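Student: I would like a close look at one part of this structure, the place where the ligand sits. Please start with the whole chain and then zoom in.

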Amino acid sequence: MSDTSFLSLENLTLAYGKTVAVEGLNLEITRGELIALLGPSGCGKTTTMRAIAGLMAVKSGRIVLDGRDITRTPANRREVGLVFQSYALFPHLTVFENVAFGLRLKGMGGAALEEKVMGAIASVGLTPFARRKTPDLSGGQQQRVALARSMVMEPKVLMLDEPLSNLDARLRLEMRTELQRVQKQSGLTMIFVTHDQVEALALADRIVVMRDGAIEQIGTPEEIYNRPASGFVADFVGFENIFALRDGHLVAGETEIALEAPPEAAGLAWRPAAVPLGQGPFAGTVRSVSFAGNRREYLLDTALGPIKTEVDAALPAQGLGSSVSFDLPAAAAAPLRRFG
Ligand SMILES: Nc1ncnc2c1ncn2[C@@H]1O[C@H](COP(=O)(O)OP(=O)(O)OP(=O)(O)O)[C@@H](O)[C@H]1O
Ligand SMILES: [Mg+2]
């Protein structure tokens, strides 16, 4: 464990019976960091959080929090909060009582309790609903109750499993800002799971991309967005044109194209916006075109396979089936250390 690490996962292996869900995972998180766990369904995000929270046994490896080995510490003595994917509120209790529940267990009451609980409820924008029972709230409101209920306990680490998934687009954006504000203000160390790369990029100090129970890449949003390590990560963050490189040649099926690329790169990836349309040495046919506000998105059939590009919508539209030229400028590509 390094000196600056607040939460360390050391060579963590987690299994359900004989099924290994997470293998040899290493992760060091600094105090006050906001970490996003990103990865496809089944890659082990919830499993990792359950282990940190003490809700499942560790097969091998260690979890160290704030200098203390908590690998075998019971869940209720870890000072770790987890807001579940299904947030499991008490349906017979009001919003207030749901949020107050953990503090009451700790023996808090009276004005101190009232103040803390109402503060937490206000921070998620639910003050008018404090006395309402939770089944009489919308999905997004219930999600915010679950958030307040965890935050009020002031855990050392707060983990949120898709905290914003039930919110509509506007509320999601509001809550995203709110979550970031609360986190920065409180200095709380937070780990949250999301399927939404835009959300991960917007919120996180660092993003951990998981794949098949292991970490594929750890980096700042800028690093993940601009320098994905593999085709897998590139695909996840919106590079829709991903090609293997072999001996300085771009390889796509039967086709090979000579291209200037960093010698250590195993592949190159272009975002649609990095592929110029109407210029360049390559030819394609427009298979589909869709209007996306200020941009127009094209899918081209080419000798390299399907190519996605997007251009300024102010430019004249290319019709379906028309022949177009395009370019794959090496300078605009992200080099991949691993193709797959
Ligand atoms: N209770 C369980 N018993 C057996 N296997 C499980 C159990 N829970 C999860 N798994 C398996 O462990 C692996 C990791 O699951 P996990 O729930 O951590 O995925 P996840 O990344 O959270 O996915 P999602 O994005 O769908 O929530 C999956 O292959 C899953 O099928
Ligand atoms: Mg999950």
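Student: How many helices and strands are there in the chain? And which residues surround ligand 1?

Tutor: Start with the frame. This is a predicted model. The chain holds eight helices and 19 strands. Its C-alpha atoms fill a box of roughly 75 × 45 × 35 Å along the principal axes. The chain has 340 residues, and 50% of them are buried.

Now look at how the chain meets itself. Take the contacts in the chain with a separation of 6 or more. Of these, 62% join residues 24 or more positions apart.

Next, the surface. The chain exposes about 15900 Å². Carbon and sulfur atoms supply 52% of that area. As for charge, the chain carries 35 positive and 37 negative charges. The mean positions of the two sets are 8 Å apart.

Now zoom in on ligand 1. Twelve residues lie around ligand 1. S41, G42, K45, T46 and T47 come nearest. Find helix α1, which spans residues 45-53. Helix α1 gives three residues to the shell around ligand 1, the largest share.

Look at the polar contacts one by one. Begin with S41. An N or O atom in the S41 side chain is 2.5 Å from an oxygen atom of ligand 1. Then go to T46. Here the side chain places an N or O atom 2.8 Å from an oxygen atom of ligand 1. Last comes Y16. A polar atom of the Y16 side chain lies 3.5 Å from a ligand 1 nitrogen atom. How much of the ligand does the protein bury? Taken alone, ligand 1 exposes 640 Å², and the protein buries 61% of that.

One more residue is worth a visit: Q183. Look for it in helix α5, which runs over residues 169-186. Is Q183 buried or exposed? Q183 counts as buried because its relative accessibility is 0%, and the cut-off for buried is under 20%. Its side chain reaches the backbone oxygen of L188 at 2.7 Å. Leave out residues up to four places away in sequence, and Q183 touches G32, E33, L34, L188 and M190.

So keep two views in mind. At ligand 1, the side chains of S41, T46 and Y16 make the polar contacts traced above. In helix α5, Q183 is buried, with its side chain reaching the backbone oxygen of L188.

Technical notes. Residues are numbered from 1 along each chain as its sequence is written. Chains are lettered from A and ligands numbered from 1 in the order in which they are written. This is a predicted model: local features need pLDDT of at least 70, side-chain atom pairs count only at pLDDT 80 or more; totals for chains, interfaces and linings use all residues. Side-chain values use heavy atoms; hydrogens and water are left out. Helices (H or I, at least four residues) and strands (E, at least two) are DSSP runs, numbered from the N terminus. Buried means under 20% relative accessible area, exposed over 50%, partly exposed in between (1.4 Å probe, protein chains only). Contact means heavy atoms within 4.5 Å. Accessible areas come from the Shrake-Rupley method with a 1.4 Å probe; for residues, only the protein chains shown count as cover. Lys and Arg count as positive and Asp and Glu as negative; His and the chain ends are not counted. The place of a charge is taken as NZ of Lys, CZ of Arg, CG of Asp or CD of Glu. A residue is near a molecule or strand if one of its heavy atoms lies within 4 Å of it. A polar contact is a pair of N or O atoms within 3.5 Å; within protein, one must be able to donate a hydrogen and the other to accept it, and residues adjacent in sequence count only if both atoms are side-chain atoms.
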